[in-house]
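Work through the exercises below with the sequence and the model open. Each task is followed by its solution in steps.

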Amino acid sequence: MNDHWQQLLNYTRREFFQRAGMGVGGAALTALLTDSLQAAAPSATNPMAARKSHFPPKAKNVIFLHMVGAPSHLDLFDAKPKLQELDGELVPDKLWEGLRLAFIREQPKLMGSPFAFQQQGEAGINVSELMPHLGTVSDELCMIHSLKTDHFNHAPAQLFFQTGFSRFGRPSFGSWVNYGLGSENNNLPGFVVLITGNVAGAGNSLWGSGFLPSIYQGVEFRSQGDPVLFLSNPKGMTGNDRKRIIDSVNQLNRVQLADVGDPEIATRINQYEMAYRMQSAVPELMDISNEPKHIHEQYGTQPGKASFANNCLLARRLVERGVRFVQLFDQGWDHHGSLVKNIQKKCKQVDQPIAALISDLKQRGLLDDTLVVWGAEFGRTPMVQGDRKAPGRDHHKDAYTVWMAGGGVKRGFVFGKTDDIGFHVAENPMHVNDFHATLLHLLGMDHERLTFKFQGLDMRVTGVAGNVVPEIIA
């Protein structure tokens, strides 16, 4: 009998099952991570490896700007001359009957916008005087005036806008993209989150992975202290010390992974190794002080301070380095009162950096491959809420505006139309499910094929709904 067979006979029962489990566990992990992409599946050894899309994509990266609280589209992008004429008149009885709003309880009066609109650029897209910088890049915008959602309260509407469902536990849109396409940068997460102000009411579920393996969730980068929590070494520990610990821990993790095949162990291995690589990549990324003076003037950035402008510049730096999905949340757009003062303040904070982001991406040749998305969880009513001396607008789910730029959408294009007072969709309605299906299509993915089996069902971000809107695709 040769040495090989003698060695096999000497194995104990425990050793036999442990070693046999390596093959079984590996097969189980592969099955758990297999999706319905019908292209390259996530790798068990590197679940964040870049993967092919279903068909050639228009966009490779996404910068998603979510204005938390929901700005008034009627004061920014959807000009309504008839609403101006009717300003101060009671909402018609036929519209008010049976209408349910978040806060307004008595039949209110209509309110025209106190701000002037002007047709901008060669395409003549209407942009409010509140957004003068954005007006200069209006020919890059694809304006959608007919988005509809199902919810008029913030948290469920935020979840619906970001996950396709109004309840907790579902993967965010960025996580689906991360899962479907992987990352092109081994030293940074594939999905990065930047926040200005407080976290939105729905919390970190807006960038969570839900039932997907947690490696696909968004990673929040912070403006002060460690850009990522616990990224720096503890006092007295060198980089080599940390590397040695990570290698030893992951060696044990790989044994356990082979034994039980839990994809969360693969996540843990990857995150340990990613954290080590990020120790050098992230500080360089987050240090915007080395950007040229004209870039800081263009964005209105101030190195070392937390601001939406800084986050817009960081978004460009992230996609420049191959980060697949960058999510910016900007809090402070819930204007139930003192609309005039508050929306002016917010627009002053975001107008210049958003326009700069679009111009900068275009100048660097990145806009064609980068889809910039601007939107919120719902819109605002054309009727006044509160005191006429400091009026506001209530939540409105049935018609509002979002826009996109770059990444394969039509330039200088307007899709959809609301009625004369901006209350109902009059032409080309687009539901949030259609919105998500179209975004995935621009990234080269079929929303019906991007699925993950959970509790016996093939889950997808659009549920059992959603249609791609080809009219906005270039």
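**Exercise 1.** Classify Lys362 by accessibility and find its surroundings.

Step 1. Lys362 has a relative accessible area of 45% and is therefore partly exposed; buried means under 20%, exposed over 50%, partly exposed in between (1.4 Å probe, protein chains only).
Step 2. Lys362 belongs to helix H12, residues 339–363; helices (H or I, at least four residues) and strands (E, at least two) are DSSP runs, numbered from the N terminus.
Step 3. Beyond its neighbours within four places in sequence, Lys362 is in contact with Glu140, Leu367 and Arg411, contact being heavy atoms within 4.5 Å.
Step 4. Between Lys362 and Glu140 there are 9.4 Å, C-alpha to C-alpha, for 222 residues in sequence.

This is a predicted model: local features need pLDDT of at least 70, side-chain atom pairs count only at pLDDT 80 or more, and totals for chains, interfaces and linings use all residues. Residues are numbered from 1 along each chain as its sequence is written, and side-chain values use heavy atoms, leaving out hydrogens and water.

**Exercise 2.** Explain why helix H7 is described as largely enclosed.

Step 1. In H7 (residues 173–181), 9 of the 9 residues are buried, so the rest of the structure largely encloses this helix.
Step 2. The elements packed against its buried residues include helix H6 (154–163) and strand S5 (191–196).

**Exercise 3.** Describe the salt bridge between Arg393 and Asp75.

Step 1. Their closest N and O atoms are 2.9 Å apart; a salt bridge is a side-chain nitrogen of Lys or Arg within 4 Å of a carboxyl oxygen of Asp or Glu.
Step 2. Arg393 lies in strand S10 (residues 392–396) and Asp75 in the loop between strand S1 (61–68) and helix H3 (81–85), so the pair ties together parts 318 residues apart in sequence.
Step 3. Both Arg393 and Asp75 are buried.
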